[in-house]
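Please open the model in a viewer and keep the selection panel at hand. The tour below proceeds stop by stop, stating what to select and what is found there.

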Amino acid sequence: MELAALLTSAGINISLCILFLTLYSILRKQPHNFGVYFGRRLAEEKFRDQVDYFSFERLLPTAGWIVKAYWCTEEEIRRVAGLDSVVFLRLFIFSIRIFSITTFICVFIVLPVNYHGQEMSHTHIPEESLNVYTIANLKEGSRKLWVHCVALYIITIAACVLLYQEYKYLSRKRLAHITGSTPNPGHFAVLVRSIPKSGNELLDDTIRNFFVNYHGASYLSHQMIYRKGKLQNFVDNAERAYRKFVRVKLSVFDQNVRSSLNRCGLCGVRASSFQLYRNKFVDAKKSDLTDPEVVEAQKDCPGAIVFFKTRYAAIVASQVLQSSNPMLWVTNSAPEPRDVYWSNLWIPYRQIWLRKIATLSGSVFFMFVFIVPVAFVQSMMQLDQLKKMFPHLKGTLKTVITGYLPSVVLLLSLYTVPPLMMRFSSIEGSISRSGRKTSACTKILFFNIWNVFFVNVLSGSVLNQLNVLTRPKDMPSMLAELVPKQATFFITYVLTSGWASLCSEILQVYNLVYNFFRRCIFGYQDDPGYVYSFPYHTEVPKVLLFNLLGFTFSIMAPLILPFLLVYFCLGYLVYRNQILNVYYPKYEMGGKLWPIMHNTMVFSLVLTQIIALGVFTIKNSPVATGFTIILLIGTILFNEYCRQRFARIFNSFSAQDLIELDREDEQSGRMREIHEHLLDAYCQSPPGSGGGDNDEVPIEMILEDPAQEASNSSQELCDTVQEVAGSIQEHIEEK
């Protein structure tokens, strides 16, 4: 690719960024877009639409959102969005710091060395191939390779120091999060599955007798987990309808009296219309083993949530084997109530390992199937093939096709990955929503590293000859030869998938279009209770991939570094703004994504050193090769030290912290209140969502008297319809 094609791609993406940012600064001021750009504030602060008055100031683009996002403190972000958002933003802080150092060293020192690597007369810069800016331009045996070796040492040492500081800092933050937050019911609860059934007693009694016998001093109570029946589905549908009625009722007195008032959805009901009660159905008939309904309910019970008196007792019970048969009485720490993925609790425990193998096989199969669109993208980059197929292709059209279109095609193809990987993560049986999202994040990360990096780098030769599979020992030399050649494609990929996607993220294109049709076409009002959670499973792999590209191309093709640094700076501001205004934290992962981020960073450093090792070998520089091997060993040892020092803090709890929390609660008298709250903390089958992410209701809910409750609800609904109709009539008469 020539420099002119790169400049064309950069010009297109910069123009899109300016356009999107300008539109955002205008559209965010329009009252009818508050639900799109201030979703978290609408949901959390119960903020309503302001008076829709016209002002010319609303039509002028401003940069005030940048100032607000930048000056917001980390503590404010943690308070409104949780520790996970702090961890995600610390990833950007690390990236900005390390790539500021890397950009300074490689652009001002390594890049000139690459450019003057061979004695040649350079043509006009826009017409030159970008290969002259890569390490491939150096001659074999060149002494200038020492510059690259020293630069690699500086980058690696700086990255390790910064990674250690971030790991230490976030470890303290996680410990403070555990000890300083409000009591979490998940710390007192254990999920029990694969419970052996007995023909002589109910499953409820079996659970109670087992834990009283073996955990008598610490056992508190338990809650059974049941499958939803037809009656519970009826209650969920009724609650969903009720929420729609309430939303329309709140908008009845809108100033413009929209046409939506003429539809049947204007009636609202009181909050008591669909009351939810604790499941007394089974409790009332526990002793009646002949009742077929009780027997059937017990057969469908996949497990239970067992509560303990102290946090320490719960964590001990979750970690030890409860039976000599590891497939019976399987225990895990229960997720926090908002985080439980109820539908997966009904999966038999014996199926979990089969599901994991199946989803792993499906993910690997999809990774290899995706090679086809990647190969198509790479074919668009080959000028020789394009000239043969389209001999009349010249000028600007040629630069657009080779410089901009391939990265756009790859970006559009990648949009199919997150939904599929999230589906795989749901199928494999995760018991928590955060676990499902973490699993999807890992799958997408592996997919991006393989398909976006390795396949694009190796597609020119490996897809035709399969050299990777037949000669794996030659991988370093293959990467050393092919990575510099693909630098131009990845620069355009950073522009398209980085810059442009950030501006698309802040503009919220999909939600903006959806909001337009919802409000202007169908006449619905904003629903403050419906707001998206932050998509960590898509954004974290994307940022980590850009870090990998930055490290691997740092000394190979430094021209990519300024584009990456701009991406990290812009992304830091954009995501701070989105976290503060748009996304609502529906559950907390406690910063567990940082070990994944750290390990990926170290992998990127190791991969960079392996590629450098291959380059120094090809260029006949044995001394640089030896020093690189030493650096590689040191990086691996550093990662092992960090794993031993910090990793377990993110995977488990310390007995010291849990016992001190228990003692503090007992001395302050809060423990009794916590125990009372545990009985109502876990809520199965949120109404209105069908097991979704949006709501919370008590566990095992069922109507005490369905016929009477339905009659009462119908009467309340009729009364409310008459009340609203009278109010509308009075409003019209006043007009």
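Throughout this tour, two residues touch, meet or are in contact when heavy atoms lie within 4.5 Å of each other. Helices (H or I, at least four residues) and strands (E, at least two) are DSSP runs, numbered from the N terminus. The model is a predicted one, in which local features need pLDDT of at least 70 and side-chain atom pairs count only at pLDDT 80 or more, while totals for chains, interfaces and linings use all residues. Residues are numbered from 1 along each chain as its sequence is written, and side-chain values use heavy atoms, with hydrogens and water left out.

**Stop 1: helices H5 and H6**

Select helix H5 (residues 74-81) together with H6; their axes are 7 Å apart and form an angle of about 135°. Axes are lines fitted to C-alpha atoms, for helices over the stretch in contact, and angles run from 0 to 180 degrees between N-to-C directions. H5 is therefore oblique to H6; angles under 35 degrees count as roughly parallel, over 145 as roughly antiparallel, 65 to 115 as roughly perpendicular and the rest as oblique. Display the side chains at this junction: Glu74, Ile77, Arg78 and Ala81 of H5 meet Leu83, Ser85, Val86, Leu89 and Arg90 of H6.

**Stop 2: the nonpolar cores**

A nonpolar core is a set of buried Ala, Val, Leu, Ile, Met, Phe, Trp, Tyr and Cys residues joined through side-chain atoms within 4.5 Å. Buried means under 20% relative accessible area, exposed over 50%, and partly exposed in between (1.4 Å probe, protein chains only). Which members of the largest core touch the most other members? Select Phe88, Leu410, Phe453, Leu479, Phe490 and Phe553, which hold that position among its 143 residues. Helix H6 (residues 83-115) supplies the largest share of this core, with 17 residues. A second, separate core has 18 residues, including Val192, Ile207, Ala313 and Ala317.

Returning to Leu410, display its contacts beyond four places in sequence: Phe370, Val374, Val377, Val452, Asn456, Phe489 and Tyr493.

**Stop 3: the four-stranded sheet**

Select the strands of the open sheet, whose order is S2-S3-S1-S4 with antiparallel pairing. Two strands pair if DSSP finds at least two bridges between them. S2 and strand S4 (330-333) stand at the edges with a single partner strand each, so one side of each has no neighbour in the sheet. From one strand to the next, the twist averages 25°.

The pairings can be followed across the sheet:

- Strand S2 (residues 219-225) and S3 are antiparallel and share six bridges; Tyr219 has Phe308 of S3 as its bridge partner.
- Strand S1 (residues 189-193) is joined to S3 by five bridges, again antiparallel; Arg193 is partnered with Gly303 in S3.
- S1 and S4 pair antiparallel over four bridges; the bridge partner of Val190 in S4 is Ser333.

Now isolate strand S3 (residues 303-308): six of its six residues are buried, so the strand is largely enclosed by the rest of the structure. In a regular strand, side chains alternate between the two faces of the sheet. Here both faces are covered, with Gly303, Ile305 and Phe307 buried on one side and Ala304, Val306 and Phe308 buried on the other. Add helix H12 (residues 311-319), which lies across S1, S3 and S4 and runs at about 135° to S4.

**Stop 4: Ser426 and Ser434**

Select Ser426 in helix H19 (residues 417-427). Is this residue buried or exposed? Ser426 is buried, because its relative accessible area is 9%. Its side chain makes a polar contact of 3.3 Å with that of Arg436 (a pair of N or O atoms within 3.5 Å; within protein, one must be able to donate a hydrogen and the other to accept it, and residues adjacent in sequence count only if both atoms are side-chain atoms). Beyond four places in sequence, Ser426 touches Tyr341, Asn344 and Arg436.

Move to Ser434 in helix H20 (residues 433-458), which is buried at 9% relative accessibility. Its contacts beyond four places in sequence are Asp339, Tyr587 and Met589. Ser434 and Glu588 are 154 residues apart in sequence, yet their C-alpha atoms are 7.4 Å apart in space.

**Stop 5: two positive phi values**

Most residues other than glycine have a negative phi. Select Gln508, in the loop between helix H24 (487-507) and helix H25 (509-521); its phi is positive, near 55°. Gln508 is buried, at 7% relative accessibility. Finish at Asn620, in the loop between helix H28 (594-618) and helix H29 (622-651), where phi is also positive, at about 60°.
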